[in-house]
Amino acid sequence: MNDMNACKPKIIMDLEALNVTNASGCPACGRKFNLGDTAVLACGAWGDGPRYIHENEAVQDVKTNQYFERGYYRSLKASA
Ligand SMILES: [Zn+2]
């Protein structure tokens, strides 16, 4: 267990989660979430901490189990 597990890194979108996330939409693709979508709490180039994005736009780092937006993850690896 770690902090990321404690704040539910992966959720299925329900009405309550939609209300929270669809104020700004998905930061990775800009689209709104739909009921039943799987979303993960991921870090990305938006820079203000982890946010929910569509699961298929995220990759999970095998070392930390944290999710990252794909493009952001590539840029992190490229500069490492
Ligand atoms: Zn998205």
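**Exercise 1. Determine which residues E55 touches, and where E55 is placed**.

Solution. Not counting residues up to four places away in sequence, E55 touches K10, T38, A39 and V40. Two residues are in contact if their C-beta atoms, placed from the backbone, lie within 7 Å. The model is a predicted one, in which local features need pLDDT of at least 70, side-chain atom pairs count only at pLDDT 80 or more, and totals for chains, interfaces and linings use all residues. Residues are numbered from 1 along each chain as its sequence is written.

Next, locate the residue: E55 is in the loop between β3 and β4 (58–60). Strands (E, at least two residues) and helices (H or I, at least four) are DSSP runs numbered from the N terminus.

Finally, consider its exposure. E55 is partly exposed because 16 other C-beta atoms lie within 10 Å; a residue is buried at 20 or more such atoms, exposed at 12 or fewer, and partly exposed in between, with C-beta atoms placed from the backbone.

**Exercise 2. State whether E69 and N65 are buried or exposed, and give the reason**.

Solution. Begin with E69, which lies in strand β5. E69 is buried, because 24 other C-beta atoms are within 10 Å. Leaving out residues up to four places away in sequence, E69 touches A28, A42, G44, A45, I53, E57 and A58. For one of these, E57, the C-alpha atom is separated from that of E69 by 5.9 Å, although the two residues are twelve apart along the chain.

Turn now to N65, in the loop between β4 and β5. N65 has 11 other C-beta atoms within 10 Å and is therefore exposed. Its phi is near 65 degrees, a positive value in a residue other than glycine.

**Exercise 3. Describe how β2 pairs with other strands**.

Solution. Two strands pair if DSSP finds at least two bridges between them.

1. β1 (residues 10–12) pairs with β2 in the antiparallel sense over three bridges; K10 has V40 of β2 as its bridge partner.
2. β2 and β3 run antiparallel and are joined by four bridges; L41 stands opposite Y52 in β3.
3. β2 and β5 run parallel, with two bridges between them; the bridge partner of C43 in β5 is F68.

**Exercise 4. Identify the largest nonpolar core and the strand that gives the most to it**.

Solution. A nonpolar core is a set of buried Ala, Val, Leu, Ile, Met, Phe, Trp, Tyr and Cys residues joined through C-beta atoms within 7 Å. The largest has twelve residues: M13, A28, F33, A39, V40, A42, C43, Y52, I53, A58, Y67 and F68. At least two of these residues come from each of β2 (38–43), β3 (51–54) and β5 (67–69). β2 gives the most, with four residues.

One core member, A39, is in contact with I11, M13, T21, F33, Y52, I53, H54 and E55, leaving aside neighbours within four places in sequence.

**Exercise 5. Summarise the chain and the confidence of its prediction**.

Solution. The secondary structure comprises three helices and five strands, in the pattern α-β-α-β-β-β-β-α along the sequence. Of the 80 residues, 21% count as buried.

As to confidence, the average pLDDT, the predictor's confidence in each residue from 0 to 100, is 89, and 91% of the residues score at least 70. Over residues 1–6 the pLDDT is below 50, and this stretch has three contacts in the model beyond near neighbours in sequence.
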